[in-house]
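Biologist: Please present the structure, and then let us discuss how its parts pack.

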There are 2 protein chains.
Amino acid sequence: MTQLTSQLAAFAAGPVTTTASARLVTSLSALDWFAVGQAGQDEPVSKIVRDMVFVEQGAGQAHLFGGGAAPGRSAALANGTISHALDYDDTHFAHIGHPSVAVFPAVLAMAEMRDLPLVEVLEAALVGMEVSIRVGLWLGRGHYQTGFHQTATAGAFGAAVAVGRLVGFQADGMGQVLGLVATRAAGLKAQFGTMGKPYNAGLAASAGVEVVQLVQRGFQANADALEGSFGFGATHHGEGNLEEALDGLGNEWLFEAVSHKFHACCHGLHAALEAARTLDIAEPEIAEITVRTHPRWMSVCNQPTPTTGLGAKFSYRTVLAMHALGHDTARLDSYSDAVCADPRLIALRGRINVEADESLTETQAHLSILRRDGSRSEATHDLQAPLPLATREERVRTKAAKLIGGALTDEVWSLLRTGGRAADLAERLA
Amino acid sequence: MTQLTSQLAAFAAGPVTTTASARLVTSLSALDWFAVGQAGQDEPVSKIVRDMVFVEQGAGQAHLFGGGAAPGRSAALANGTISHALDYDDTHFAHIGHPSVAVFPAVLAMAEMRDLPLVEVLEAALVGMEVSIRVGLWLGRGHYQTGFHQTATAGAFGAAVAVGRLVGFQADGMGQVLGLVATRAAGLKAQFGTMGKPYNAGLAASAGVEVVQLVQRGFQANADALEGSFGFGATHHGEGNLEEALDGLGNEWLFEAVSHKFHACCHGLHAALEAARTLDIAEPEIAEITVRTHPRWMSVCNQPTPTTGLGAKFSYRTVLAMHALGHDTARLDSYSDAVCADPRLIALRGRINVEADESLTETQAHLSILRRDGSRSEATHDLQAPLPLATREERVRTKAAKLIGGALTDEVWSLLRTGGRAADLAERLA
């Protein structure tokens, strides 16, 4: 095994020291994943994948969002797809991707098959997501810019070792798992904006389950296929940032920096909405708002006058006007054609300007509000600035409650924090 | 849809004019695929994949090599893997890959699910394999040299449209299928020499079935994800040989140039063995043999003194000595540890020289035999030189009979040529 693979394999197979904060953030991501998955279970892509799987009538090894159960590989495919359908799940900027949707569906399926306690699910998921992030760092921005969807590519490696941990693989087995999944880790950014994007996440989760099930049975692969010559990195425009990828491995949990989405719209709009939250503004006072944002977002989410709920999710002017008018940008049903047609919103939107600013990073936004009384307030927000843990917990739980109701949120949170079994969580996916 | 995709989609969805020779060669590849698959059903990788699939207890939609049935996606995964396990299936040098093992498992699974006649299976397979070859040409040698296993990458596109044809997709649906499979077509050459190589073929076949089942249900993908910006070609070191890929599409069947393996050893040895066949030599006469071959093969299949049956499959000197001693190089059981230890073979092997020759292509070999009486015979063979159709038929049927017996060979050949149903063939996979 070459260096990255051997280090990741040893890390994934060995004992780990988790901190209270890493455990809390993992539980928050699990709750967040559960909530966005359940909220997305009736999306068209969710129904399509579920239907394909159910027609196969396999053993009910693992539960699916939306109800029913299927073999582990299929459950992981469906749940990975479904939980990314709304694009409302967590993001890790170093990964570059969404760690939860590739890893949780895979570990939960295998844990349910083996009737494991949730504490093992959470530890395996944390280890797996840490590996996704480390592989993502190793592949680097070049891999992403070339066109690979890191959620799925780097994510497949994390999913595979997370599942491998649940079945007790030692470093050798983990090396096999990393080598084998290298031959099928895939996913193109060309699918962004289509059902192919969430499907990519499902593919990664399912690949994680499948390669472990093969290696369990004695499958022999090339353990150097991640980083060897002709390996995944070499063939997929990886940058090979070895030092960065291994820095602090085992001592530091990069996963803790994961960012949860608190608005049900394009991530490019979140920093501006968070800045607005700090200014405590209401529509009647506003004379004018100016948003400054990284130039990259101008072509992504700066629709000036959308007329549909979907369009609103990609419009600085619309979401800021919604916020000022008291609409809850965390709720899925706030983004509607009706809100886009509201004369008050249209009037306010006309007083909002969006400007590109090279001096800002992609996770920053600056807001300047001029009030009718001539006073001006300004705020800058950076999504990468860590939230206090108590605030994160409060906000993730509040978001979940808006998506799946307060009672189920409390129930799931209690399971995650006090240690139920995998099946207890899985049976609640419906 | 961009140009390659739109042309391939129209071709795959439309009426095609098949020639008698294209139909015959397709039937020969079907028989060859059937025989090598059945002969490989007890290989370790075959047992592993079959076991994983059967544990899932899904609906018996399609039969597997080795017996039993499973959902279509799983049957394609298993049969693709099993039929490539021996690496004894057909090769297309322009593709660069093995067309049958990605496409036949996929079409047969879907055809059995829909109870279609074999004539439709064969036409869809021909169309699919032609698309694999055209995509392979478009990706070019650069894609292969970078480290991609074209059997699996280009093969997934062929498998997908072949299955799409069986369900009656028009050009739009075919575009969706090509675009969706682009996000999961994968397979690394880093797996060569491991179980990962046949698994790659299974992945391609299974992907073909899965994407069609999704598009049938209304899945929306980016139809330009094969060749658009950030598409499969752009991200996977494709050369983009558009003219070459589309030249003669619909009028000319590049598939007809497929090459069947008539020796159960590394393809690099076949030209030399074919040259030896023309010289009618027997061991007692031989003073010395000199083989000249393309330099590339010197590091692939020039083991000087192997001691195992597996090693013999990668040794010019051993297979030529086996041939001269009357061992049948088409039979799997000819390659044994015992034959490597035979003093007569060891003595003859010592009189065989292997030389690299830059002037030969990779498919050519030159043989020079010096007899004890001082006479010398020479022969050159090129695997790309077309065999007369009658010879091809005779040799493929003879090979099949050696692998699965004459009675079953005749039965399958009769089904393929006189038009049974898909289920008739599928039920004989066991």
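Modeller: This is a predicted model, in which local features need pLDDT of at least 70 and side-chain atom pairs count only at pLDDT 80 or more, while totals for chains, interfaces and linings use all residues. Residues are numbered from 1 along each chain as its sequence is written, with chains lettered from A in the order in which they are written.

Biologist: At what angle do α5 and α9 of chain B pack, and how is α5(B) therefore oriented to α9(B)?

Modeller: Helices here are DSSP runs (H or I, at least four residues), numbered from the N terminus. Axes are lines fitted to C-alpha atoms over the stretch in contact, and angles run from 0 to 180 degrees between N-to-C directions. The axes of α5 (residues 99-113) and α9 (residues 196-216) of chain B lie 8 Å apart at an angle of about 40°. Angles under 35 degrees count as roughly parallel, over 145 as roughly antiparallel and 65 to 115 as roughly perpendicular, so α5(B) is oblique to α9(B).

Biologist: Which residues of α9(B) meet α5(B)?

Modeller: Contact requires C-beta atoms, placed from the backbone, within 7 Å. From α5(B) come Val101(B), Ala102(B), Pro105(B), Ala106(B), Ala109(B) and Met110(B), and they meet, in α9(B), Ala201(B), Ala204(B), Ala205(B), Gly208(B) and Val209(B).

Biologist: By what kind of axis are chains A and B related?

Modeller: Superposition is by least squares on C-alpha atoms of residues with pLDDT of at least 70 in both copies. A turn of 180° with a shift of 0.0 Å along the axis lays chain B on chain A with an RMSD of 0.1 Å. The copies are thus related as by a two-fold rotation axis.

Definitions and conventions:
Helices (H or I, at least four residues) and strands (E, at least two) are DSSP runs, numbered from the N terminus. Two residues are in contact if their C-beta atoms, placed from the backbone, lie within 7 Å.
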